[in-house]
Amino acid sequence: MPRQYIHTAIDFPNAAPHMGHVMEKVLADVMARWFRLRGDEVRLHVGADENGIKIQQTAEALGMTPQELVDRNSPLFEQLFRRLNISFDTFIRTSDPKRHWPTVVALWNRLKEGGFLEKRTYAGLYCTGCERFVTEKDLVDGLCPDHRQRPEAVKEENWFFLLSRKQDAMKKLLHPKTGTYKMVPSWRGNEVLSFLEGGLEDVSFSRSKETLSWGVPVPDEPDQVMYVWCDNLTSYLSSLGFFTDHEMREWWDDAEITDVIGKDIARFHAINWPAMLQCAGVKTPERLLIHGFITSDGQKMSKTLGNVVVPSDVLDRYGVDPLRFYLSHEIPVGNDGDFSWKRFGELYDAKLRNQLGNLLNRALVLLKKEGGEMKLGAAAQAFSPDSWGRYVKAMNDFDYSVAIQEAFSVVAASNQGFNDAAVWTIADKATKIETLSAFAEILRHVALMLLPFMPETAQRMSRQLNVPYVDQMLDRSFVLTDEMKDWGSQKEWKRVGEPEILFPPVECK
RNA sequence: CGCGGGGUGGAGCAGCCCGGUAGCUCGCGAGGCUCAUAACCUCGAGGUCGGAGGUUCAAAUCCUCCCCCCGCAACCA
């Protein structure tokens, strides 16, 4: 049984979670759920990137300690992910000295022992107002735009990771044809590859404690704190207890590893991370799934524009599955996407209420009127067996929007078939029951297709249909068998349950 | 010539890799049905597929050049 280790980027909790965080987690969760359904063993990891200068600064501005800030914000992420039914196994917080730091320190030591770390003088411009290094291009007329002062030229001793040595190795690893680390979708990888062609430079791996105090201390160097790379990325290992006495190596060494991350940090995950792993003698991941960004009504979300969409507002209004549906249906994997309340409402009505909910309702109500007994006859199945083939291929190819649209094209075709057959006018009771049963059977298949995307909805549909496996379908061990995908395979399924409204109308905002 | 993405009926998008009736959602017009959450179905109006060349029997789809929009351009996650 293949083993799958999926991890998302860990999130930066200097503010409350936004729609972009949600998109990434839903994407990873759809993948995790699909892998489980097809029979793989799955571990899904998420977390919070709590260290760094920005957290330090934000905390200061709010008059709290960094620890207080992350203790306040990180749970917001975790709670949101739970509410979204993200089936994660671990939530790592990088300020956790017990779960996270030992792995980080061990990795650091390995890199150092391998001769991949080197102490150098880092020269840069330091703005005392920002309390951080700034670059030339940040400056306006040579001054810090925020503090209107000239940054000082500062030199400090830092550790560097010798990434430049790994250029050829990374080219080989990421080679579109022969490399073992695949970037999905491939066009997202192009940017990374061309960047790689430009040549790699060594990366700064630590800061002086005066510059950065909130982070993982460098072993044996009291005045140095690790800079983001060694700390943040390593959470993917620390969640498995790597390099400790409770490490779960099988989830790395004997697993297919997928990173789910945004286009902005693709480069670091595609290059820096596998380079670090190679240098530490650890296997590199198999797949990098790169998603785009989400805009709000076509514009970049920004507090100044006041167009930030708060995920919990959507959840309060529409519930979990409609949001999961919207993101999966509207945004092809890798593409940028847009969130708009208008579009959300339209899609909710058109697809979820009018097409899906209505089909389920009209079929069940009529069947109930005939007594609720199921009987699948020789009546032509209105469900093309190719649908499963197309669906499975799309799911395996990470074309999730294509897959969910396949499910909805089955629904649309069924509504049409329902009218064409004028089911409600069929006089012969046996024929009527057989015809309606066929629609119930179609909906059983549709619910299974929707299961990775809208788990609760899939179960509610199946509950109304009263299919035999309804109570197991949200279990992690629930596997989609070939038998389940066969027409009329549920011999124990004798009668349907009570019809209910699947998606109620939601008032316009 | 820095890199990548995009430019498709009123709006938002898919199709482009593997050329061959231009598809989806919403909106609009007409009709059908009345089982169903005033939902469902059918038909219709509306597009020189950014522009110009080229390849081809045939191009939204391949090639070349140009224009416009967005992101990135390295330590900022």
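Modeller: A definition to begin with: Ala, Val, Leu, Ile, Met, Phe, Trp, Tyr, Cys and Pro count as nonpolar, Asp, Glu, Lys and Arg as charged, and the others, Gly among them, as polar. Please keep in mind that this is a predicted model.

Colleague: Thanks! With those classes, how many charged residues are in the lining of the second largest pocket?

Modeller: This pocket has a volume of about 190 Å³. Among the 13 residues that line it, Arg33, Arg36, Met473, Leu474 and Asp475 are the closest to its centre. By class, the lining has six nonpolar and two polar residues, and its charged residues number five.

Colleague: And which element gives the largest share of that lining?

Modeller: Two elements give two or more residues to the lining of the second largest pocket, helix 1 (19-37) and helix 17 (455-465). The largest share is three residues, and it comes from helix 1.

Colleague: Between which domains does the second largest pocket lie?

Modeller: Here the lining residues decide the matter. Both domains give residues to the lining, so the pocket lies between domain 1 (3-292) and domain 2 (341-508).

Colleague: Let's turn to the cavities. How many charged residues does the lining of the largest cavity have?

Modeller: There are two cavities of 30 Å³ or more, and the largest has a volume of about 130 Å³. Of its 14 lining residues, the closest to the centre are Met23, Leu27, Leu327, Ile331 and Val333. By class, the lining has nine nonpolar and five polar residues, while the number of charged ones is none.

Colleague: Which element gives the largest share of the lining of the largest cavity?

Modeller: The candidates with two or more lining residues are helix 1 and helix 12 (320-330). The largest share, four residues, comes from helix 1.

Colleague: Now some rings. Are those of Tyr236 and Trp273 stacked or edge-to-face?

Modeller: The structure holds 28 aromatic pairs, this one included. The centres of Tyr236 and Trp273 are 5.7 Å apart and the planes stand at 80°. Planes over 60 degrees apart count as edge-to-face, so this pair is edge-to-face.

Colleague: Where along the chain do they sit, and is Trp273 buried or exposed?

Modeller: The pair links distant parts of the chain, 37 residues apart, with Tyr236 in helix 8 (residues 235-238) and Trp273 in helix 10 (residues 266-279). Tyr236 has a relative accessible area of 0% and is buried. Trp273 also has 0%, which is under the 20% cut-off, so Trp273 is buried.

Colleague: Last one: over the face of which ring does Arg120 lie?

Modeller: Arg3 offers one example of this arrangement, lying over the face of Trp251 at 5.5 Å from the ring centre. Arg120 is at 5.2 Å from the centre of its ring, and that ring belongs to Phe160.

Definitions and conventions. Residues numbered from 1 in each chain as written. Chains lettered and ligands numbered in written order. Predicted model: local features only at pLDDT ≥ 70, side-chain atom pairs only at ≥ 80, totals over all residues. Heavy atoms only, no water. 1 Å grid on protein atoms, 1.4 Å probe; cavity = no way out; pocket = protein on both sides within 12 Å on 5 of 7 lines; lining within 4 Å. Points joined across faces, edges and corners; volume = space filled by probe spheres on them. Domains from an automatic or database assignment. Phe/Tyr/Trp six-rings, centres within 6.5 Å; stacked < 30°, edge-to-face > 60°. Buried < 20%, exposed > 50% of the residue type's maximum accessible area, 1.4 Å probe, protein only. Lys NZ or Arg CZ within 6 Å of the ring centre and 35° of its normal.
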